[in-house]
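You asked for a second pair of eyes on this one, so here are my notes. Keep the viewer open while you read and click on the residues as they come up.

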Amino acid sequence: MPTLTNIGTLIIRDPHLRNGIPIVAGTATSVQRIVVLYKQGNSAEEIAADLDHLALAQVYAALTYYHANQAEIEADLAAQKAEYERLAALNNLQIQGK
(Lines give C-alpha, C1' and ligand atoms only; values in the text may rest on other atoms or scores of the structure.)
Protein backbone atom coordinates (compact mmCIF):
# COMPACT_ATOMS: atom_id res chain seq x y z
CA MET A 1 0.00 0.00 0.00
CA PRO A 2 1.46 3.43 -0.92
CA THR A 3 2.31 5.95 1.77
CA LEU A 4 -0.40 8.59 2.11
CA THR A 5 0.40 12.23 2.77
CA ASN A 6 -1.84 14.40 4.89
CA ILE A 7 -1.90 17.53 2.73
CA GLY A 8 -2.56 19.63 5.82
CA THR A 9 1.04 19.00 6.83
CA LEU A 10 2.63 20.41 3.66
CA ILE A 11 2.39 24.10 4.62
CA ILE A 12 3.43 25.30 8.07
CA ARG A 13 3.61 28.52 10.04
CA ASP A 14 6.13 28.73 12.84
CA PRO A 15 7.04 32.03 14.53
CA HIS A 16 10.63 30.76 14.77
CA LEU A 17 10.93 30.14 11.01
CA ARG A 18 10.91 32.99 8.50
CA ASN A 19 9.07 35.28 10.95
CA GLY A 20 6.03 33.05 10.91
CA ILE A 21 5.16 33.39 7.22
CA PRO A 22 3.67 30.29 5.61
CA ILE A 23 6.36 28.02 4.20
CA VAL A 24 6.54 24.61 2.59
CA ALA A 25 7.21 22.17 5.44
CA GLY A 26 10.78 20.93 5.61
CA THR A 27 12.07 23.79 3.46
CA ALA A 28 12.70 27.50 3.76
CA THR A 29 10.58 28.16 0.67
CA SER A 30 7.75 30.57 1.34
CA VAL A 31 4.30 30.37 -0.13
CA GLN A 32 4.90 33.96 -1.31
CA ARG A 33 7.89 32.87 -3.41
CA ILE A 34 5.82 30.23 -5.15
CA VAL A 35 2.95 32.68 -5.66
CA VAL A 36 5.26 35.25 -7.27
CA LEU A 37 6.46 32.63 -9.75
CA TYR A 38 2.85 31.58 -10.39
CA LYS A 39 1.76 35.18 -10.97
CA GLN A 40 4.62 35.55 -13.45
CA GLY A 41 2.89 32.91 -15.56
CA ASN A 42 4.71 29.77 -14.47
CA SER A 43 2.71 26.57 -14.14
CA ALA A 44 2.97 24.39 -11.04
CA GLU A 45 5.05 21.94 -13.06
CA GLU A 46 7.44 24.70 -14.15
CA ILE A 47 7.77 25.95 -10.57
CA ALA A 48 8.54 22.43 -9.33
CA ALA A 49 11.16 22.05 -12.05
CA ASP A 50 12.71 25.44 -11.21
CA LEU A 51 12.63 24.82 -7.45
CA ASP A 52 13.80 21.25 -7.79
CA HIS A 53 13.93 20.71 -4.03
CA LEU A 54 10.11 20.80 -4.04
CA ALA A 55 7.77 18.03 -5.12
CA LEU A 56 4.88 18.94 -7.36
CA ALA A 57 2.46 18.20 -4.50
CA GLN A 58 4.25 20.80 -2.36
CA VAL A 59 3.87 23.44 -5.07
CA TYR A 60 0.18 22.64 -5.43
CA ALA A 61 -0.20 22.81 -1.64
CA ALA A 62 1.34 26.28 -1.63
CA LEU A 63 -0.95 27.40 -4.45
CA THR A 64 -3.94 25.94 -2.64
CA TYR A 65 -2.92 27.79 0.51
CA TYR A 66 -2.67 30.99 -1.55
CA HIS A 67 -6.12 30.58 -3.10
CA ALA A 68 -7.66 29.76 0.29
CA ASN A 69 -5.90 32.72 1.97
CA GLN A 70 -5.48 35.12 -0.93
CA ALA A 71 -6.13 38.33 1.03
CA GLU A 72 -3.43 37.43 3.58
CA ILE A 73 -0.82 36.54 0.96
CA GLU A 74 -1.60 39.59 -1.19
CA ALA A 75 -1.27 41.83 1.90
CA ASP A 76 2.10 40.22 2.70
CA LEU A 77 3.29 40.71 -0.88
CA ALA A 78 2.15 44.35 -0.85
CA ALA A 79 3.99 44.96 2.43
CA GLN A 80 7.16 43.39 1.04
CA LYS A 81 6.90 45.56 -2.09
CA ALA A 82 6.37 48.72 -0.03
CA GLU A 83 9.40 47.90 2.14
CA TYR A 84 11.51 47.22 -0.95
CA GLU A 85 10.45 50.54 -2.47
CA ARG A 86 11.14 52.39 0.80
CA LEU A 87 14.63 50.91 1.03
CA ALA A 88 15.34 51.55 -2.66
CA ALA A 89 14.31 55.20 -2.27
CA LEU A 90 16.44 55.53 0.87
CA ASN A 91 19.40 53.98 -0.91
CA ASN A 92 18.89 56.28 -3.88
CA LEU A 93 18.91 59.31 -1.56
CA GLN A 94 22.11 58.08 0.07
CA ILE A 95 23.78 57.60 -3.31
CA GLN A 96 22.75 61.05 -4.50
CA GLY A 97 23.97 62.59 -1.24
CA LYS A 98 27.53 61.34 -1.75
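The numbered points below go from the whole chain down to single residues.

1. Before anything else, remember that this is a predicted model. Every distance and percentage in these notes is computed from that model.

2. Let's start with the fold. How many helices and strands does the protein have? There are four helices and two strands. Walk from the N terminus and you meet them in the order β-β-α-α-α-α. The strands are β1 (11-12) and β2 (23-24). Two of the helices will come up again and again: α1 covers residues 31-39, and α4 covers residues 70-97.

3. Now the overall shape. The C-alpha trace spans about 65 × 30 × 25 Å along its principal axes. For 98 residues, a compact globule would have a radius of gyration near 13 Å, while this protein comes out at 16 Å. Turn the model around on screen with those three spans in mind.

4. What about the surface and the inside? The accessible surface is about 6,700 Å², and carbon and sulfur atoms make up 57% of that. Of the 98 residues, 30% count as buried. As for who touches whom, take the contacts between residues at least 6 apart in sequence: 43% of them join residues at least 24 apart.

5. Helix α1 is a good place to look for buried residues. Which ones are they? Val31, Gln32, Ile34, Val35 and Leu37 are buried there. Just past the helix, look at Gly41: its phi is positive, near 105 degrees.

6. Next, the loop between β2 and α1, where Thr29 sits. Is Thr29 buried or exposed? Its relative accessible area is 4%, so Thr29 is buried. Setting aside neighbours within four places in sequence, Thr29 is in contact with Arg18, Ile23, Val24, Ile34, Leu51, His53 and Leu54. One of these partners, Ile34, is also among the buried residues of helix α1.

7. Ser30 belongs to that loop between β2 and α1 too. With a relative accessible area of 5%, Ser30 is buried. Leaving out neighbours within four places in sequence, its contacts are Arg18, Ile21, Pro22 and Ile23. Try showing the side chains of Thr29 and Ser30 together: Arg18 and Ile23 appear in both contact lists.

8. Don't conclude that everything in this loop is tucked away. Gly26 is in the loop between β2 and α1 as well, but at 83% relative accessibility Gly26 counts as exposed. If you want a distance to check in the viewer, the C-alpha atoms of Gly26 and Leu51 are 14 Å apart, and 25 residues separate the two along the chain.

9. On to charges. The protein carries 7 positive and 10 negative side chains. The centres of these two sets lie 9 Å apart. How many salt bridges does a search of the whole structure find? It finds three, and the next points take them in turn.

10. Arg13 pairs with Glu72, with the closest N and O atoms 2.1 Å apart. This pair links distant parts of the chain: Arg13 is in the loop between β1 and β2, Glu72 is in helix α4, and the two positions lie 59 residues apart. Arg13 is partly exposed at 46% relative accessible area, and Glu72 also counts as partly exposed, at 24%.

11. Glu74 bridges to Lys39, the closest N and O atoms being 2.9 Å apart. Here helix α4, which holds Glu74, is linked to helix α1, which holds Lys39, and the residues are 35 apart in the chain. Glu74 is partly exposed, with a relative accessible area of 26%, and Lys39 is partly exposed with 48%.

12. Glu83 and Arg86 form a salt bridge as well, with the closest N and O atoms 2.9 Å apart. Why are these two separated by about one helical turn? Because Glu83 and Arg86 are three residues apart in helix α4. Both sit between buried and exposed: Glu83 counts as partly exposed at 35% relative accessibility, and Arg86 does at 46%.

Terms used. Residues numbered from 1 in each chain as written. Predicted model: local features only at pLDDT ≥ 70, side-chain atom pairs only at ≥ 80, totals over all residues. Heavy atoms only, no water. Rg over C-alpha atoms; globule rule 2.2 N^0.38 Å. Buried < 20%, exposed > 50% of the residue type's maximum accessible area, 1.4 Å probe, protein only. Contact = heavy atoms within 4.5 Å. Areas by Shrake-Rupley, 256 points an atom, 1.4 Å probe, with all protein chains shown as cover. Lys, Arg positive; Asp, Glu negative; His and termini not counted. Charge placed at Lys NZ, Arg CZ, Asp CG, Glu CD. Salt bridge = Lys/Arg side-chain N within 4 Å of Asp/Glu carboxyl O.
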